[in-house]
Amino acid sequence: MMIKSHLTPVLRLRTLPSTSPVVNLRALQPRHYATHHQTSSSKSEPEVKRRSVTPFNDTGSVPWSSLSILEKGARASQQTFNFGLVILGLTLTSGVLYVLYTEVFSPSSRTAYFNRAVDRIKADPRLIGLLGDGKKIEAFGEETGNKWRRARPIASSEVTDRNGVQHMYINFNLKGPKGTGTAFVHLFKPVGGKQWEYRYFYVDVKGQQRIYLENAEAAAALAAKERSKTDGIKFLGIRW
């Protein structure tokens, strides 16, 4: 008969060597290493080389103090040229405005006297009878190679005689429902005078007697005749 013995196993704990790493506090501290990037960044970055300033590419973005002597001369030349262009533009503009005023808009311009002459012709009963309805009377310049009637220039001129008297001559053509004609205007400005005066203004219609709208010579002769009638007869220094 077998006797089973109850044996209690004895567990032996073996002490194992500690595997926990030894923490090195100095190793945890951050270390700073000198790198090429840090070394180069500590130095001032090299300036970017800019394009040389010339009179043709100067935009004014480069400060004056940063320009060389030659570049300052280039900028001064450019500014002088631009200033000259501005002065030239102003001069041309002023000239154009002056011509427009003296030739078109001024009350004493040729265009103004031409328009007045046409208005008087269209309102004159004698010319309406010869040419037709005043609203349908057309005034135009000399015939040209241009087929457009509006392109016909009005013949006009200004001259100064040897006595210093200024003269303005204007002539143009007329066309109405009943016929055609030609208008002539002669104005003069005495020495020192500011206003133009009529010497004559007449219209010729073919086959008809000349029609005067202004005739300074005839008016002066008529005025002298009227004065002679009112003045009476003067004999031996006594007016009778």
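"Buried" here means a residue with under 20% relative accessible area, while "exposed" means over 50%. Keep that in mind for this predicted model, where strand 4 (residues 180-189) is mostly covered, with seven of its 10 residues buried. Across the protein chain as a whole, 20% of the 240 residues count as buried.

**Overall build**
- The protein chain has six helices and eight strands.
- Going along the sequence, the order is α-α-α-α-α-β-β-β-β-β-β-α-β-β.
- Take the contacts in the protein chain with a separation of 6 or more: 37% of them come from residues 24 or more positions apart.
- About 19700 Å² of the protein chain is exposed, and carbon and sulfur atoms supply 59% of that area.

**How far to trust it**
- The average pLDDT for the protein chain is 77, and 66% of the residues score at least 70.
- Confidence bottoms out in helix 2 (residues 36-41), which has a mean of 50.
- At the other end of the scale sits helix 5 (residues 125-131), where confidence is highest, at 96.

**Strand 4 and its partners**
- Strand 4 pairs with strand 3 (residues 166-175): the two run antiparallel and are joined by 10 bridges.
- Getting from strand 3 to strand 4 takes a hairpin of four residues.
- If you want a landmark on that side, look at His 167, whose bridge partner in strand 4 is Phe 188.
- Strand 4 also pairs with strand 5 (residues 197-205), again in the antiparallel sense, this time over eight bridges.
- A landmark for this second pairing is His 186, which stands opposite Tyr 200 in strand 5.
- As a rule, side chains in a regular strand alternate between the two faces of the sheet.
- Back to the cover on strand 4: seven of the 10 residues there are buried.

**A greasy spot on the outside**
- Phe 81, Leu 85, Leu 88 and Leu 92 make a nonpolar surface patch of about 420 Å².
- One of these, Leu 92, is found in helix 3 (residues 69-105).
- Why does Leu 92 count as exposed? Its relative accessible area is 54%, and the cut-off for exposed is over 50%.
- Leu 92 also qualifies for a patch on area, because patch residues need over 30% relative accessible area and Leu 92 has 54%.

Methods
Residues are numbered from 1 along each chain as its sequence is written. This is a predicted model: local features need pLDDT of at least 70, side-chain atom pairs count only at pLDDT 80 or more; totals for chains, interfaces and linings use all residues. Side-chain values use heavy atoms; hydrogens and water are left out. Patches are made of residues with over 30% relative accessible area and no salt bridge: like charges are joined within 9 Å, nonpolar side chains (Val, Leu, Ile, Met, Phe, Trp, Tyr) within 5 Å. Accessible areas come from the Shrake-Rupley method with a 1.4 Å probe; for residues, only the protein chains shown count as cover. A salt bridge is a side-chain nitrogen of Lys or Arg within 4 Å of a carboxyl oxygen of Asp or Glu. Buried means under 20% relative accessible area, exposed over 50%, partly exposed in between (1.4 Å probe, protein chains only). Contact means heavy atoms within 4.5 Å. Two strands pair if DSSP finds at least two bridges between them. pLDDT is the predictor's confidence in each residue, from 0 to 100.
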